[in-house]
Amino acid sequence: MRQQRKDIGSIKNALFYPSSEPIKPLSNKLMAHETVDPVLADLQRRRTPTVNWASLSLGERIRYIEVEGFLLMPRMLDEDQIAQLKRQTSTFSTTAVSYSEKQRGKRAIQWTGGAVTELIAHPPMIDFLKRLFGDSVIMMDYAYARSEPGHPGISLHADGQPWGSKIFGAAHSCPRLIRCLYYLDDLTPEISPFRVVPRSHLSFHNDGNPYLRYERHPGELMITAQAGDAVLINQNVFHGNYPNIGNSFREMLAIAYRPSWAGPADPVEAWPEEMVARCSADVQDVLKDRSQRIWAHDAPDKPDNMPIDAPGIDPERWELK
Ligand SMILES: [Fe+2]
């Protein structure tokens with residue numbers, strides 16, 4: 001890593017601060033529209049980051065997820081994988097969220113089998129997470145979500161909640177957790193694109209209390225994507241999605257992972273051994289004890305044989321190629 005040191009001035013500003021621009025008007029009619037139609041006003045308000053996601057180096061990806069709180073990884077699934085996954089998701093019986101029949105989902109889909117279960121160990125994602133975490137990867141939960149036309153949008157919220165919650169349980173009380181959102185349909189401005197308030201997870205302010213929710217925020221960005229792309233979020237970044245004002249639904253698979261040390265505040269239910277045994281070796285490798293923590297409560301001030309280097313906390317990790 002040290003050989004890859006660059007002058008600090010040579011690091012692109014765009015990585016420190018995602019430049020953003022107003023979304024292009026969707027039509028001339030929209031450009032000329034000056035009335036206060038709430039749907040059009042919402043579209044005109046949105047800003048998108050100008051980032052070439054495919055060109056990011058490993059260090060830049062790590063920087064995005066650590067500093068900005070999110071990261072888009074393009075083309076993670078090919079057409080065949082998407083088709084296989086959709087064949088399975090089309091059979092799911094779903095339940096609606098409390099506020100809309102048009103936002104539906106299914107939890108605990110890890111035992112579905114086939115492509116859905118294999119996605120847990122999707123090599124390009126696990127390879128990246130192993131570089132990010134520096135060791136093995138532990139899955140905490142896995143869910144399916146579908147936004148249908150008429151879905152009003154998901155309010156800005158944080159997934160990570162340090163003392164648990166009714167919605168997320170203890171599984172998201174881990175001190176570090178990444179949620180990987182695989183999109184099976186295009187995310188257009190009309191069809192529930194992702195939204196995020198960059199850097200909100202870093203705030204010490206009471207406004208950053210992860211138990212709060214917001215209708216919207218002037219600093220939020222809209223993230224559009226293609227089917228097969230994945231958006232990764234730091235669990236504490238405020239995020240949500242926009243309404244579905246299009247004509248089709250949008251499917252997404254969300255898998256939460258964390259480093260081996262960062263177990264939840266309270267134990268969570270263990271994976272049933274007989275179910276884990278049915279999975280492939282690669283999937284089993286990720287379905288480890290999800291209550292596991294690496295904790296040194298009684299560690300002395302000066303333990304023996306302390307390391308004198310650790311690449312995972314090196315400020316130069318954002319310069320990895
Ligand atoms: Fe969320």
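Colleague: Over how many bridges do β9 and β12 pair?

Modeller: In this predicted model, strand β9 covers residues 194-197 and strand β12 covers residues 238-241. One position in this pairing is Arg 195, whose bridge partner in β12 is Gly 240. The two strands, β9 and β12, pair in the antiparallel sense, and the number of bridges is four.

Colleague: Which strands are the edge strands of the open sheet?

Modeller: Four strands form this sheet in the order β7-β12-β9-β10, with antiparallel pairing. At one end, β7 is joined to β12 by two bridges, with Asn 241 in β12 as the bridge partner of Ile 154. At the other end, β9 and β10 pair over three bridges, and Phe 194 stands opposite Ile 223 in β10. Pairing on one side only marks the edge strands, which are β7 (154-157) and β10 (221-223).

Colleague: Are the residues on the two faces of strand β12 buried or exposed?

Modeller: In a regular strand the side chains alternate between the two faces of the sheet. In β12, Phe 238 and Gly 240 lie on one side, while His 239 and Asn 241 lie on the other. Both faces of β12 are covered, and all four of these residues are buried.

Colleague: Which strand gives the most to the largest nonpolar core?

Modeller: The largest nonpolar core has 64 residues, and Cys 180, Tyr 182, Val 231 and Tyr 257 have the most contacts inside it. Tyr 257 touches, among others, Val 137, Ile 138, Met 139 and Met 140. With seven residues, the strand that gives the most to this core is β6 (residues 137-147).

Notes
Residues are numbered from 1 along each chain as its sequence is written. This is a predicted model: local features need pLDDT of at least 70, side-chain atom pairs count only at pLDDT 80 or more; totals for chains, interfaces and linings use all residues. A nonpolar core is a set of buried Ala, Val, Leu, Ile, Met, Phe, Trp, Tyr and Cys residues joined through C-beta atoms within 7 Å. A residue is buried if 20 or more other C-beta atoms lie within 10 Å of its own, exposed if 12 or fewer, and partly exposed in between; C-beta atoms are placed from the backbone. Two residues are in contact if their C-beta atoms, placed from the backbone, lie within 7 Å. Two strands pair if DSSP finds at least two bridges between them. Lists of a residue's contacts leave out its neighbours within four places in sequence.
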